[in-house]
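Let's take a walk through this assembly, going from one chain contact to another and then to a ligand site and a helix. Keep the structure open alongside as you read.

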Amino acid sequence: MFPHEEKLIRERLGREPNEVEKAMLEVMWSEHASYKSSRPFLKLLPTENEHVVLGPGEDAGIVEFDDETWIVVGIESHNHPSAIEPYGGAATGVGGIVRDILCMGARPMALLDPIRFGPLEKERNRYLLQGVVKGIADYGNRIGVPTVGGETEFDESLDNYTLVNVACVGIMRPEHLVHSYVEEAGLKLILVGNKTGRDGIHGVTFASEELSENAEEEDRSAVQIPDPFTEKLLIEATLETVYTGKVRALKDLGGGGLTCASSEMAGKKGFGAVIYADRVPLREPNMSPVEVMISESQERMLFAVREEDVEEIGKIFEKYGLEWTVVGEIINEPRYIVYWNGEKVADLPTELLTEVPTIQWEMKPYSPERGVKTPEIGFSEAFELVWSSPNVLSKRWVWEGYDHEVQGRTVVKPGRDAAVLKINERYGLAFVADGNPSHSHLNPYHGAMGAVAKVVRNLVSVGAEPLALVDNLNFASPERPEIYWSFAETVRGLADAARAFGLAYVSGNVSFYNEVVDRPIKPTPVVAGLGKVELEKIPGFGLKEGLLIGIVGV
Amino acid sequence: MKWKVKVIVRLKEGLNDPEGRVIQNALRNLGFKVENLRVPKYFEFELESENPEKEAEEMCRKLLANPLIHTWEYSVEPVS
Amino acid sequence: MKWKVKVIVRLKEGLNDPEGRVIQNALRNLGFKVENLRVPKYFEFELESENPEKEAEEMCRKLLANPLIHTWEYSVEPVS
Amino acid sequence: MVKFAVIVFPGTNCDFETERAIRKAGAEAERVWYKTSLKDFDGVVLPGGFSYADYLRAGAIAARQEIMEKVKEFARDGKPVLGICNGFQVLTEAGLLPGALRPNRVPRFICRWVHLKVADTETPFTQFYEPGEVIRMPIAHAEGNYYADDPSKVRIVFQYSDEEGNITEEANPNGSLLNIAAIANEKGNVLGTMPHPERASDHFLGSEDGLKLFRSMVEWARG
Ligand SMILES: Nc1ncnc2c1ncn2[C@@H]1O[C@H](COP(=O)(O)OP(=O)(O)O)[C@@H](O)[C@H]1O
């Protein structure tokens, strides 16, 4: 938190926040949770058209596929945690986005994993690659959600760092929609899933800082041990509770833990919440209320249900062997109150947690484009350079480690332009992700447009009509004027390109402060797209003797 | 010289250990009164080295463990 | 009474250990002169029992090991 | 109509598509949570996935659950019992099939389409295949490396092969003994297969070779 923000809080509160309040405010006012530096720009993105059921604002976006079928989609980054513990960081990244899809009431159906690393010549970068790929494989495979595509890119600017983005789609029937906010007071808040430990305390503030040199040596509690077994049980149990029609609101616990999930759930429509923090089941002894309220322990969800339905919903969790506890309730008054063994340890206006003022950083345009010369290079040398580049080589090694067939929907498999998932006997959903940081680095506006255009081309080349987009913006510190400018340009490019194609963004994610020891990463917008395709009309793939080759559009 | 080395890598106290929990439950279902079950990683190997303790420590730090989440111990004895 | 039990489950002699081979190669790549690396399974837990040796043996036989491919050993000592 | 139980353990994840494939093959199918009873079924299918997250050894913990006593009765009564991937691992761990499924030769999960040669068409599951027929199905496993101390006693049903049906080292994706991909018990009514027939039961997904297996099983259960 910045000094002017602390001052503002003091003024609004009319007093100094106590220790618990301060910790919760710090988490909620972090860049990661509040989007304070990016919100004004994101407003520029088109978010509505005839396909959109639910645009940005909840845990994931929703697109109409047909009268009976909605597709839920979201994208997340887990860059910082993966850079210090690639296996656990990447795995819990998968877990997080899958719960975002789940908590709308949808069955998670497929994943994409755009991942980026430093040059493979360095051992540390190879270690990060192996850890990330194994983390995604072990988690995705165990929860039974196929990873059907992604990107794997190497770039010098990412030395000793990694960008791990994961996109997920889910499938649902319209009548199963559950919102992430409540619309009535008196609801009980049920916390279900893993016990709460000290994992990820200050994770969101951590994700809002640059990594220092010896990050992997520092004892960061930002690391979490992935638990795909519990996640799989959570998926099945959650869907079973959703089908009862008795879940009034549902949110997963991600960055900001219980504080974030419960205050947002309550605050969106002006309600408040009382949390009995001492009732939260703990994994470690002697945890303080601060730790309980901001812990980012994984594989937990928060349900709001009416008092008379609590037992029935609880029974479903028990069937799956999941621990559940009523940890609080929704109140009419717009206040966020925390008790600890009968003592009130926090009492804030809910909106002080959920409505964070934006920050406008200084901007400075740059144009590295001008300094770049086209290399003088012969054809065969260029050919060899391109074909031996790890960026161009087949990524079979990566996707063969992912169960890309589970759920029995994968019609077009990894290795082609976009994956296609069978939705019914006639139609499929095309799904693809693309980004091009080198292009974005040279010209962020064009790079962003290029990413959108590539997504659209990839969708079209499997025969799909584009439906909707999501975006994940990976940037260095917004406090750097050039970076902030490139961010603004990127969003402008994303907006203009989407408008040109008549497409809307239904969800997204911003990750700032991606740098190691003062070395900013290239602007890296990653765009994922959905399309609808008639299964019989998916074009063939691969060259055969006798076919003519043509090129269009150059 | 040649050494027989055994390394145990444990998750730090307080971290979630889903594998240990699942195996413990399975043993309890079979009627055994088991508690605090943990499944550390365990390695046995032979090492040609002048300074086996130092190298074992290095191996843990560099590859066998992640200092962020693990603690480790090792034993070294000469191969007869 | 309460006991601290440690169990090691090893692949039978002659069966290859693919995971051990991969880790050994990785360590060699880092310059360590490692040989015959194996990754047995290792369990630590507390056991409430009147007959801990017998129960540990049973646990191995019934769940922790597969007698077709594994051998096992365990140690038992009272919890202080 | 004959009816099959598709048993769901915590962590099982191929239950829906397996249920779908059995229905497509002309029988009723029902997903059955492992704590429920197994009444009024004509056969049992243990689908793929990661029961108990594959902790300890793939299939080991599921094999020790109470419902497996019931599955053993089905096997004794000569009713069809099919284990796919993780289900195969459960069957060997439960002693319903001989041998063990060890970590792949390259210790990694692999998901890939393979060719299989049908080595035995006398089982309830393979009666619709031609002897020596070469079929295509996907595998998706980390522990599919079949091992037995006396392979001569094993009833081999599918072997990994090349496109022409040659049993070669290159066609062996995981190091399995004799390229074994599927085996049956002596009577033939218990089958374990690492490749996933339910993922090859729809031409949109690449093949219907697996559907034949379910059709055989359903037809045989009809009597
Ligand atoms: N990390 C990954 N996970 C899954 N699939 C991947 C991954 N990286 C690349 N792929 C797949 O490999 C294929 C080629 O990827 P890419 O080189 O990015 O394609 P393109 O040249 O069309 O951008 C695509 O089908 C893509 O989905």
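Between chain B and chain C there are 4 salt bridges. One to look up in this predicted model is the pairing of B:R10 with C:E44, where the closest N and O atoms sit 2.4 Å apart. Polar contacts add to the picture: 12 residue pairs make them between chain B and chain C, with both partners at pLDDT 80 or more.

Which elements of chain B give two or more residues to this side? They are β1 (2–11), α1 (18–29), β2 (34–38), β3 (41–48) and α2 (52–64). The largest share comes from β3(B), with 7 residues. Sort the chain B side by class and you get 17 nonpolar, 1 polar and 11 charged residues.

As for the extent of this contact, 29 residues of chain B meet 29 residues of chain C. Together the two chains bury about 2,700 Å², and carbon and sulfur atoms give 65% of that. On the chain B side, B:F32, B:Y42 and B:E44 supply 23% of the area buried against chain C, more than any other three residues.

Now swing round to where chain D meets chain C. Here 16 residues from chain D and 17 residues from chain C take part, and the buried area is about 1,300 Å², with 61% of it from carbon and sulfur atoms. In chain D, the residues that lose the most area to chain C are D:L56, D:R57 and D:R102, together 45% of what that side buries. How many salt bridges join chain D and chain C? The count is 0. By class, the chain D side has 8 nonpolar, 2 polar and 6 charged residues. There are still polar contacts across this interface, in 6 residue pairs with both members at pLDDT 80 or more.

While you're on chain D, have a look at helix α3 (residues 86–93). With 8 of its 8 residues buried, this helix is largely enclosed by the rest of the structure. Among the buried residues are D:F88, D:V90 and D:L91, but also D:Q89 and D:E93. After α3(D) comes D:G95, which has a positive phi, near 80°.

Last stop, the ligand. It has 15 residues around it, and A:D113, A:T152, A:G415, A:R416 and A:K454 come nearest. A polar side-chain atom of A:K454 is 2.6 Å from a ligand oxygen atom. Backbone atoms join in too: a polar one of A:R416 lies 2.7 Å from an oxygen atom of the ligand, and a backbone N or O atom of A:G150 is 3.1 Å from a ligand oxygen atom.

Technical notes:
Residues numbered from 1 in each chain as written. Chains lettered and ligands numbered in written order. Predicted model: local features only at pLDDT ≥ 70, side-chain atom pairs only at ≥ 80, totals over all residues. Heavy atoms only, no water. Buried < 20%, exposed > 50% of the residue type's maximum accessible area, 1.4 Å probe, protein only. Helix = DSSP H or I, 4+ residues; strand = E, 2+ residues; numbered from the N terminus. Contact = heavy atoms within 4.5 Å. Buried area = accessible area lost by both parts, 1.4 Å probe. Salt bridge = Lys/Arg side-chain N within 4 Å of Asp/Glu carboxyl O. Polar contact = N/O pair within 3.5 Å; in protein donor to acceptor, adjacent residues only side chain to side chain. Nonpolar A, V, L, I, M, F, W, Y, C, P; charged D, E, K, R; others polar. Near = heavy atom within 4 Å.
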